[in-house]
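Visitor: I should like to learn how to read a protein model with DNA. May we begin with the strand and then turn to the chains?

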2 protein chains.
Amino acid sequence: MKRKITLKQIAKELDVSISTVSKSLRNSLEIGEETRLKVQAFAKFYNYKPNNIALSLKNRKTKSIGIIIPEIVHHFFSTVINGIEQVANEHGYSVVICLSDDSFDKEVLNMEMLANGSIDGFIMSLSKETQFKGDFHHITEVINQGMPVVMFDRVTNDILCDKVIIDDKAAAYEAVQSLIDNGRKKIALVTTVDYVSVGKLRTDGYEKALLDNGIPFNEDLIIKIEDVDTCEITISELLHDRAFDAVFAVNELFAVTIIKTASKMGLKIPEDLAVIAFTDGIISKYSTPSITTVSQSGEKMGNKAAKMLIERLEAEHDEDEDENENYTTEVIETHLIKRESTD
Amino acid sequence: MKRKITLKQIAKELDVSISTVSKSLRNSLEIGEETRLKVQAFAKFYNYKPNNIALSLKNRKTKSIGIIIPEIVHHFFSTVINGIEQVANEHGYSVVICLSDDSFDKEVLNMEMLANGSIDGFIMSLSKETQFKGDFHHITEVINQGMPVVMFDRVTNDILCDKVIIDDKAAAYEAVQSLIDNGRKKIALVTTVDYVSVGKLRTDGYEKALLDNGIPFNEDLIIKIEDVDTCEITISELLHDRAFDAVFAVNELFAVTIIKTASKMGLKIPEDLAVIAFTDGIISKYSTPSITTVSQSGEKMGNKAAKMLIERLEAEHDEDEDENENYTTEVIETHLIKRESTD
DNA sequence: TTTCAACACTACCACGTTTTCGTAAACCAA
DNA sequence: TTGGTTTACGAAAACGTGGTAGTGTTGAAA
């Protein structure tokens, strides 16, 4: 068990000073060729690699970026991480991931833990509880300390920073419009209890599409679901009354559950019931019938978020005191992926 | 934009020495109460938090653990990360994640990047390419430097370290046995090209179950699939001949594809074709019909792996030179989750 | 012979912490 | 007063690195 070798050890071994070793390895001209080569050979032999921690301390840069998301076992978030990691890696950054479990306290804790020097900047999506509370002091604090933050998907207007989102309202509008175009009149919206920003926006889009097409907006057709496992009853009752002939679900889990319930009742998809879901994940693709979805390219969001963050990190160096923080909000394109659940 | 405050700044501001500040904050008795309280109040007011990087450098401990996995957009791996994160968090560790994309080079690169001080230990699952090449020098090197490594799922016998696996062979055996118990005789195995260790083991279990039940092992019933998207043809041909009445698939993607293909051909599941898949993910749960699977609790694997690693990290401190590395291999229990795709 | 540059290298500082050791001042007993 | 202990604090080293500013030697030009 040989510990990693340091400059100091090399210096001692070769009987030169630490600086000589350091300079030799960086090919400085101040060092004579003989010494330089000797040091380099020695370093190579012992596989010398500078210690990241020491470098971080010295440069005040860790070359790693912190990601805070509500959960990781979720296709959308995994793809975002994937997207972030790609760009980060290209630029020599590593990613540190913390999960908030949709809890405010964990989000705060994790941010504080990472903010004390561990990372150079944050990419995050708000936890449900944080959105509900509307308490963002932990984020402002981090930003005030000069640490750049990029928010994605679940963002808030209360914080000024770079953001990456999709146009939830427009996407929902498009989805509902396509149902209407196919002759559907009674379109239900299946959503979550809506303190989460995106749920609200999607509902807005749904409503607008209806109204623009002269279809009255009916509160009874908005089904709010707290827990997926208990929603079957509600849905089957409504289906029994043939209260609607199409469904727009805010996520694919709701969609697939509805389809399963409807199928059990003998309804044909899409003839008797058309279904569109938000968020394109694996379930939609492999469900029977496969589900038409609104794509929400997590990878692209991740790419973009990482790019924005890294750009800001590298820029900071130069400007320094230039306080014109022109934050931008990037909107990622969505489109409808037509599959078997619609005609 | 106020930068984070340091001990030095506090010291200067209060006109005491750095050591006094440090000691006051750690409630050392050597410091008089008056000074101590003054310092603490000041520190609290300016929200002083020790710098993690400096602490890491001093303590030679980063309190973070590195995870290297082939990909993150994969339910199994997400759950493992989840499991690791839970335990890590409880013990005050953060996790740094790097993706190998199943590439040997990226795996090596990422490990080298993290090994230079960024983390205290690794939890990893081998990339396909690494398993194929059989080149593990990057891992031995890290271990030789005294950095503990825990491998999970895709492991190798060529490396001595702690491991967390499931008994792939036994699990496959159990699955196939259950098909046989239900009267199936012509059982196909759908697997990947098998340089990945687990594929091999599952095949072994499949074979053993057949032989133990006096069913001849038929090479033609082993279907090796390179790419999911192109496998439909192969499968439909075989199904057409009614070459088999049951399928054991090494992952749920294969399983769901088979079910879709069979359904299109008018076959009834499970009457005409029973299906069991390895790896319990969301697809199996929400597919129609839902798929019977071998559970492979990623979360438990993650929990266990993290526990093993952290235990070793905390222990190291004491023993130090005690070289009796008694590595263990933990086997996580699996069980069959019966769903609609079998009778 | 002096001076000046080039060369080859070393000293020192800073990054932020903790910790060991040291020491001045105050107090007490003899 | 002397010697010893306690109280309250400070100096400095260490972790590993990298940059700036020296320092001393040599050789050559003035």
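Guide: The following turns treat the surface near DNA and the relation of two chains. This is a predicted model, in which local features need pLDDT of at least 70, side-chain atom pairs count only at pLDDT 80 or more, and totals for chains, interfaces and linings use all residues. Residues are numbered from 1 along each chain as its sequence is written, chains are lettered from A and ligands numbered from 1 in the order in which they are written, and side-chain values use heavy atoms, with hydrogens and water left out.

Visitor: How many residues surround DNA strand D?

Guide: A residue is near a strand if one of its heavy atoms lies within 4 Å of it. Here 27 residues surround DNA strand D, and Lys8(A), Thr20(B), Lys23(B), Glu30(B) and Thr35(B) are the closest. Of the atoms of DNA strand D that come within 4 Å of the protein, 55% belong to sugar and phosphate.

Visitor: Which side chain has an N or O atom 3.2 Å from a base nitrogen of DNA strand D?

Guide: A polar contact here is a pair of N or O atoms within 3.5 Å; within protein, one must be able to donate a hydrogen and the other to accept it, and residues adjacent in sequence count only if both atoms are side-chain atoms. The side chain is that of Ser19(B). For a phosphate oxygen, the side chain of Arg26(A) offers an N or O atom at 3.1 Å.

Visitor: What turn lays chain A on chain B?

Guide: Two copies of a chain are related by a rotation about an axis and a shift along it. Here a turn of 180 degrees with a shift of 0.0 Å along the axis lays chain A on chain B, with an RMSD of 0.1 Å (superposed by least squares on the C-alpha atoms of residues with pLDDT of at least 70 in both). That is the relation of a two-fold axis. In chain A, Val96(A) has the C-alpha nearest the axis, 2.2 Å from it.
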